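Me: I should like to go through the assignments in this structure and the criteria behind each of them. Please begin once it is displayed.

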Amino acid sequence: MGHKIVRTTQEFSYTALYQPVRGAGYQVTVPLLPGLVTCGRTFDEARKIARDAIECYVEALKKDQRKSCATSSSGENSLARYDSSPCE
C-alpha cells in the first residue's frame, strides 16, 4: 500500500504601499514583509513586480521554515504561518 502525498495551496492578501518617485516610477513596500522593497517604472509594472516579490518572499519563508504571522486588526491580511501551532 503506497503513501499519498497531498499538497494544499493557500492564498493570502498583503497590503502593498505604492510611493511615486519623481522620474523613476513607483517604489513598493509591504509592511507585513520586513525588507521587501521593490519598484517599477509604471504603476502596472510595479504591481506585477511586487506580486512576484511577495511570492518569492513567502517561498523563502517556507524554505527556511521560518514562522511569520501576517494579521491585521481589519482582518485584511490572513495568517501566514507554516505549522499548525497558533501565533504567539
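Reply: A residue is termed buried when its relative accessible area is under 20%, exposed when it is over 50%, and partly exposed in between (1.4 Å probe, protein chains only). Strands (E, at least two residues) and helices (H or I, at least four) are DSSP runs, numbered from the N terminus. The model is a predicted one, in which local features need pLDDT of at least 70 and side-chain atom pairs count only at pLDDT 80 or more, while totals for chains, interfaces and linings use all residues. Residue numbers start from 1 along each chain as its sequence is written, and side-chain values use heavy atoms, with hydrogens and water left out.

Me: What makes the side chains along strand β3 alternate?

Reply: In β3, residues 37-40, T38 and G40 point to one face and are buried, whereas V37 and C39 point to the other face and are not.

Me: How do you know that β2 and β3 pair?

Reply: Two strands pair if DSSP finds at least two bridges between them. β2 (residues 25-29) and β3 have four bridges, in the antiparallel sense; V28, for example, has T38 of β3 as its bridge partner. β1 and β2 are likewise antiparallel, over five bridges, and P20 is bridged to Y26 in β2.

Me: Why is one side of β1 and of β3 left without a neighbour in the sheet?

Reply: The sheet is open, with three strands in the order β1-β2-β3 and antiparallel pairing. β1 (17-21) and β3 stand at its edges with a single partner strand each, so one side of each has no neighbour in the sheet.

Me: How do you know that the span of α1 agrees with its 22 residues?

Reply: The expected span of a helix is 1.5 Å times one less than its number of residues. For α1 this gives 32 Å, and the end C-alpha atoms are 31 Å apart, which agrees.

Me: Why are the buried residues of α1 said to line one face of the helix?

Reply: The buried residues are A46, A50, I54, V58 and L61. Seen down the axis of α1, they fall within an arc of 100°, and therefore line one face; the arc is that of the directions from the helix axis to the C-beta atoms. The face turned away from this buried side carries the exposed residues D44, K48, C56 and K63.

Me: What makes the pair of Y18 and F43 tilted?

Reply: Rings of Phe, Tyr and Trp (its six-membered ring) pair if their centres lie within 6.5 Å; planes under 30 degrees apart count as stacked, over 60 as edge-to-face and the rest as tilted. By this rule there are two aromatic pairs. The centres of Y18 and F43 are 4.7 Å apart and the planes stand at 45°, so this pair is tilted. Y18 in β1 and F43 in α1 are 25 residues apart.

Me: Why is the pair of Y26 and F43 called edge-to-face?

Reply: Here the ring centres are 5.6 Å apart and the planes stand at 85°, so the pair is edge-to-face. Y26 lies in β2 and F43 in α1, so the pair ties together parts 17 residues apart in sequence. Ring pairs thus link Y18, Y26 and F43 into a cluster.

Me: Why is F43 called partly exposed?

Reply: Its relative accessible area is 38%, so F43 counts as partly exposed. Y18, at 27%, is partly exposed, and Y26, at 26%, is also partly exposed.
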